[in-house]
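Please work through the exercises below with the sequence and the 3D structure open side by side. Each task is followed by a solution that goes step by step.

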Amino acid sequence: MADAEPRGFPPELGFDSPWSFLSWIASFLMVFGGAFPYFPQYRDIQKSGNAEGFSTQVCLVMLVASILRLFFWFGKHFELTLLWQSIVMIITMLALLHLCCTVQRSSRMSTSRHFFTDFDPRYFWAWSRFLDYVQFCLTFTVMCFFVTYLFIDSQLYVETLGFSAVLIEAMLGLPQLFQNFKNKSTAGMSVKMVLLWTLGDIFKTTYFIANATPVQFWVCGTVQICIDIAIFFQVFTYGQEEREKYT
C-alpha cells in the first residue's frame with residue numbers, strides 16, 4: 001500500500017506548509033493593510049464634500065516617513081514586504097491628497113492661491129493644487145537620493161535614516177490629535193479610520209517583534225498605538241461634551 005501523500009498546499013502555490021501560507025497572508029496584510037484605514041476617511045470626504053475634519057498633515061508625515069524608509073532599504077536591506085508597504089502608502093497618501101485638493105478647490109471662496117514654488121513657509125502644506133504636493137514629494141525624494149548617495153557607506157547615516165523614518169511614522173496620529181484638540185471636536189474625522197489604525201498598529205508591531213525586524217520598527221509601532229488610544233480618548237471626551245451641550 002502506497003504511503004499517503006503528506007497534507008499541505010499544492011506546490012504550484014508556493015505553500016509547502018500551513019505556516020508558509022499564514023506567513024504569506026501576514027505579508028499581504030503588511031503590504032496593503034496600512035492603506036485600509038484610509039478608505040473610510042476617503043469615502044467620508046467624498047460623500048460630505050468636506051475635508052475640514054481631516055488633517056492633511058497626516059499625509060505629510062506618512063509621505064516623508066515612507067520616502068525615508070525607501071532609502072533606508074538601500075543602506076540596510078530589511079524585508080521586501082516593508083519596502084512594498086512604503087510604496088503602497090505613498091500611492092495611498094497621494095490619492096487622499098488629490099481628493100482633499102479637489103474638495104477644497106470646489107468649496108474655496110477666496111481667490112488667493114498658494115504654490116509650492118512660492119517657497120513661502122507660511123503656506124507650507126496648504127497649497128492650492130495637487131501638483132504642488134507632487135512637486136514637494138519629488139523635490140524631497142531627489143534631495144534624499146543625493147544625500148544617501150554621498151553617505152551610503154556610513155553606518156551612522158544609515159541607522160539615523162532608519163530611525164528618522166520610523167520616528168516620523170510614529171508621529172502619524174499627532175496631526176489628527178492636534179486638529180481634534182484645536183477644533184474641540186472629532187467631527188469630520190472617521191472613527192473607523194482610527195479603529196483600523198489601532199488594529200493595524202497592533203498587528204504590525206506584533207509582526208515586527210515576531211520577525212526580529214530592526215528595533216526601530218517595533219518602537220515606532222508601540223508609540224503609534226499610544227497615540228491611537230489618545231485619539232480614542234478624544235472621541236469619547238468631545239462626544240460627551242457635545243451630548244451635554246445639547247441636553
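The exercises that follow concern a predicted model, and they go from confidence to core, salt bridges and enclosed space.

**Exercise 1. Confidence**

Task: Find which elements have the lowest and the highest mean pLDDT, and where along the chain pLDDT stays under 50.

Solution. Begin with the chain as a whole, which averages a pLDDT of 82, with 86% of the residues scoring at least 70. Next, go through the elements: α1 has the lowest mean pLDDT, 72, and α5 has the highest, 95. Finally, turn to residues 1–15, where pLDDT stays under 50 and for which the model has eight contacts beyond four places in sequence. Where pLDDT is low, the predicted coordinates should not be read in detail.

**Exercise 2. The largest nonpolar core**

Task: Determine which residues touch the most other members of the largest nonpolar core, and which element gives the most to this core.

Solution. The largest nonpolar core holds 60 residues, and those touching the most other members are Tyr38, Ile45, Phe54, Trp125, Phe136 and Trp197. Sorting the core by element, one finds that two or more residues come from each of α1 (18–33), α2 (38–48), α3 (57–75), α4 (80–107), α5 (130–151), α6 (155–170), α8 (191–210) and α9 (215–245). Of these, α3 gives the most, with 13 residues. As a last step, take Tyr38 and leave aside residues up to four places away in sequence: Tyr38 then touches Val58, Met62, Met89, Thr92, Met93, Leu96, Leu172, Met193 and Trp197.

**Exercise 3. Two residues in contact**

Task: Decide whether Ile231 is buried or exposed, do likewise for Asn180, and list what each residue touches beyond four places in sequence.

Solution. Ile231 is found in helix α9, and because its relative accessibility is 0%, against a cut-off of under 20% for buried residues, Ile231 counts as buried. Beyond four places in sequence, Ile231 is in contact with Gly173, Gln176, Leu177, Asn180, Met189, Val194 and Trp197. A check on distance can be made with Phe178, which is 53 residues from Ile231 along the chain, while their C-alpha atoms are separated by 9.4 Å.

Asn180 belongs to helix α7, residues 174–183, and counts as buried because its relative accessibility is 1%. With the same exclusion of sequence neighbours, Asn180 touches Ser185, Thr186, Met189, Ile231, Gln234 and Tyr238.

**Exercise 4. Salt bridges**

Task: State how many salt bridges a search of the whole structure finds, and examine the pairs of Glu159, Arg122 and Asp132.

Solution. Side chains of opposite charge can pair when their charged atoms come close. The search of the whole structure finds four salt bridges, among them the three examined here.

1. Glu159 and Lys76 meet through their side chains at 3.0 Å, N to O. Since Glu159 lies in helix α6 and Lys76 in the loop between α3 and α4, the pair ties together parts that are 83 residues apart in sequence. Glu159 counts as partly exposed at 23% relative accessibility, and Lys76 counts as partly exposed at 30%.
2. Arg122 pairs with Asp120, their closest N and O atoms being 2.9 Å apart. Arg122 is exposed, with a relative accessible area of 66%, whereas Asp120 is partly exposed at 23%.
3. Asp132 pairs with Arg129, with the closest N and O atoms 3.0 Å apart. Asp132 is buried, its relative accessible area being 0%, whereas Arg129 is partly exposed at 27%.

**Exercise 5. Cavity and pocket**

Task: Establish which residues line the largest cavity, and which element gives the most to the lining of the second largest pocket.

Solution. For the cavity, the count comes to one of 30 Å³ or more, and the largest cavity contains about 40 Å³ of space. Its lining consists of Ala170, Leu172, Gly173, Trp197, Asp201, Gln224, Ile227 and Asp228. Helices α8 and α9 each supply at least two of these residues, and the largest share, three residues, comes from α9.

For the second largest pocket, the space is about 380 Å³. The pocket is lined by 23 residues, of which Gly33, Gly34, Pro37, Gly200 and Asp201 lie nearest its centre. Two or more lining residues come from each of α1, α3, α4 and α8, and α8 gives the most, with seven residues. Comparing the two lists shows Asp201 in the lining of both the largest cavity and the second largest pocket.

Conventions:
Residues are numbered from 1 along each chain as its sequence is written. This is a predicted model: local features need pLDDT of at least 70, side-chain atom pairs count only at pLDDT 80 or more; totals for chains, interfaces and linings use all residues. Side-chain values use heavy atoms; hydrogens and water are left out. A nonpolar core is a set of buried Ala, Val, Leu, Ile, Met, Phe, Trp, Tyr and Cys residues joined through side-chain atoms within 4.5 Å. Buried means under 20% relative accessible area, exposed over 50%, partly exposed in between (1.4 Å probe, protein chains only). Helices (H or I, at least four residues) and strands (E, at least two) are DSSP runs, numbered from the N terminus. Contact means heavy atoms within 4.5 Å. pLDDT is the predictor's confidence in each residue, from 0 to 100. On a 1 Å grid over the protein atoms alone, a cavity is a set of points where a 1.4 Å probe fits but cannot get out, and a pocket is an open set with protein on both sides within 12 Å along at least five of seven lines; lining residues have an atom within 4 Å of a point. Grid points are joined across faces, edges and corners, and a volume is the space filled by probe spheres set on the points.
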